[in-house]
Amino acid sequence: MKGNRNTAVAETQQTGWRKTKVRSAGQNGKETLMGYLFVGPMLAGLFVFTLIPILATIVLSLTDWNFVAGLDRIKFVGLDNFIKLTKDPLFIQSLVNNLLLLIVIPVTMIVSLVLAVVLNKQVFLKGMFKVIFFMPYISSVVAVAIVYQVLFHPSYGPVNQFLMSLGMSSPPKWLADPNFALISVMMINVWTSIGFYMILYLAGLQNIPKDLYESADIDGANAFHKFRFITVPMLSPTSFFLLVTGVISTFRIFDLIKVLTEGGPAGSTSVMVYYLYDTAFVNLKTGYASSMGIVLLLMVLAITGIQWVAQKKWVNY
């Protein structure tokens, strides 16, 4: 009798476990379905607007074709486009200019970090200064380019007028001078990016525990030591984020170059994206331009990969 009762209890428990398991599986299935429904539009956009264009670019980079001629005029040439790139002086110049523009990133980070540290103190009208520094970042690139075209005018621009008033007889021609045009673009790029970098550094400074600075004060550390051994290491994740996104945005720069100089003078400000645009949509060499896009993609991936490997040695989480 007792054995029958134990058997019945065991069967009831097993039945309850099965029902709970089935109910749990059904609930998990519904949650999984809802999850796919929520991420579905994003995945569809990623597939349509990113993966398919990348695959199409890889295929077109192996062809001699322009989009005006039609698909029946596609001619496969293998790696000829990539070989031609190595002998294209304007492409090499654009590549060098892109690499030189990377100097903008550490300069912007250093200036923004100093400004963030200063504004993080009890500064009068702190909110107003934040808005002033952030305004260039959210301003129209076209408007910024036109303003700097006026400021850097070689004869009547306020910058050169001021330099001549100080006694400089022949100030630089800035955007009209091949030796100063890229430097001018760098200065504009730093000016427009400082606000964004500074805001992120300010957010990072708010998350540094005050106890670290108090302990440093007790140990007799001065302001430089606290900045060097506390502020900089604690802000390393923010610096790493800005470094990665800065490199990517530097290789994507186009609108400022298009409005400001159109790659001139003499190709001194031409960058890879602008040369790609000019080749594809002005000269109608779609296949050749696609090979530039593949080189650009590989370069960005390689530099980003190096940064991810190197960050293990200097980023403190």
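How much space lies in the largest pocket? About 620 Å³, and that is where this tour starts.

Before you click, some ground rules: this is a predicted model, in which local features need pLDDT of at least 70 and side-chain atom pairs count only at pLDDT 80 or more, while totals for chains, interfaces and linings use all residues. Residues are numbered from 1 along each chain as its sequence is written, and side-chain values use heavy atoms, with hydrogens and water left out.

**Stop 1: the pocket**

Select Y137, N189, T192, S193 and S249. Of the 23 residues that line the largest pocket, these lie nearest its centre. A pocket here is an open set of points on a 1 Å grid over the protein atoms alone, where a 1.4 Å probe fits, with protein on both sides within 12 Å along at least five of seven lines; lining residues have an atom within 4 Å of a point. The volume is the space filled by probe spheres set on the points, and grid points are joined across faces, edges and corners.

Now colour by helix. At least two lining residues each come from α4 (104-120), α5 (126-138), α6 (141-151), α8 (181-206), α11 (236-251) and α12 (255-260). Helices are DSSP runs (H or I, at least four residues), numbered from the N terminus. Which helix gives the most to the lining? That is α8, with six residues.

Colour the lining by residue type next: you should get twelve nonpolar, nine polar and two charged residues. Ala, Val, Leu, Ile, Met, Phe, Trp, Tyr, Cys and Pro count as nonpolar, Asp, Glu, Lys and Arg as charged, and the others, Gly among them, as polar.

**Stop 2: the nonpolar cores**

Select F91, Y201, F251 and M272. In the largest nonpolar core, which has 28 residues, these touch the most other members. Such a core is a set of buried Ala, Val, Leu, Ile, Met, Phe, Trp, Tyr and Cys residues joined through side-chain atoms within 4.5 Å. Buried means under 20% relative accessible area, exposed means over 50%, and partly exposed is in between (1.4 Å probe, protein chains only). Two or more residues of this core come from each of α4, α8, α11, α13 and α14 (286-310), and α14 provides the largest share, six residues.

Zoom in on F91. Skipping neighbours within four places in sequence, F91 is in contact (heavy atoms within 4.5 Å) with L85, M272, Y275, M292 and V295. Apart from this core lies another one of 21 residues, including V104, W174, M186 and V190.

**Stop 3: the loop between α7 and α8**

Stay with W174, which belongs to the loop between α7 and α8. Its phi is positive, about 55°, although W174 is not a glycine. W174 is buried, at 12% relative accessible area. In that loop after α7 (158-165) you will also find L166. Is L166 buried or exposed? L166 is exposed, with a relative accessible area of 61%. Draw a C-alpha distance from L166 to V147: they are 19 residues apart in sequence and 23 Å apart in space.

**Stop 4: the loop between α12 and α13**

Go to P265, in the loop between α12 and α13. A cis peptide bond joins G264 and P265, with omega about -10°. A266 is found in the loop between α12 and α13 too, and has a positive phi near 55° without being a glycine. A266 counts as exposed, at 81% relative accessibility.

**Stop 5: α13 and α14**

Pick F281 in helix α13 (residues 272-282). F281 is exposed, at 53% relative accessible area. Then add F67: the two are 214 residues apart along the chain, yet their C-alpha atoms are separated by 9.0 Å.

Over in helix α14, select A289. A289 counts as buried, at 3% relative accessibility. Beyond its neighbours within four places in sequence, A289 is in contact with L276, T279 and A280.

**Last stop: the salt bridges**

How many salt bridges does the structure hold? There are two, where a salt bridge is a side-chain nitrogen of Lys or Arg within 4 Å of a carboxyl oxygen of Asp or Glu. Show K226 and D217, which meet at 2.9 Å, N to O; D217 is partly exposed, at 43%. Then show K258 and E262, paired at 3.9 Å, N to O. K258 is partly exposed, at 27%, and E262 is partly exposed as well, at 49%.
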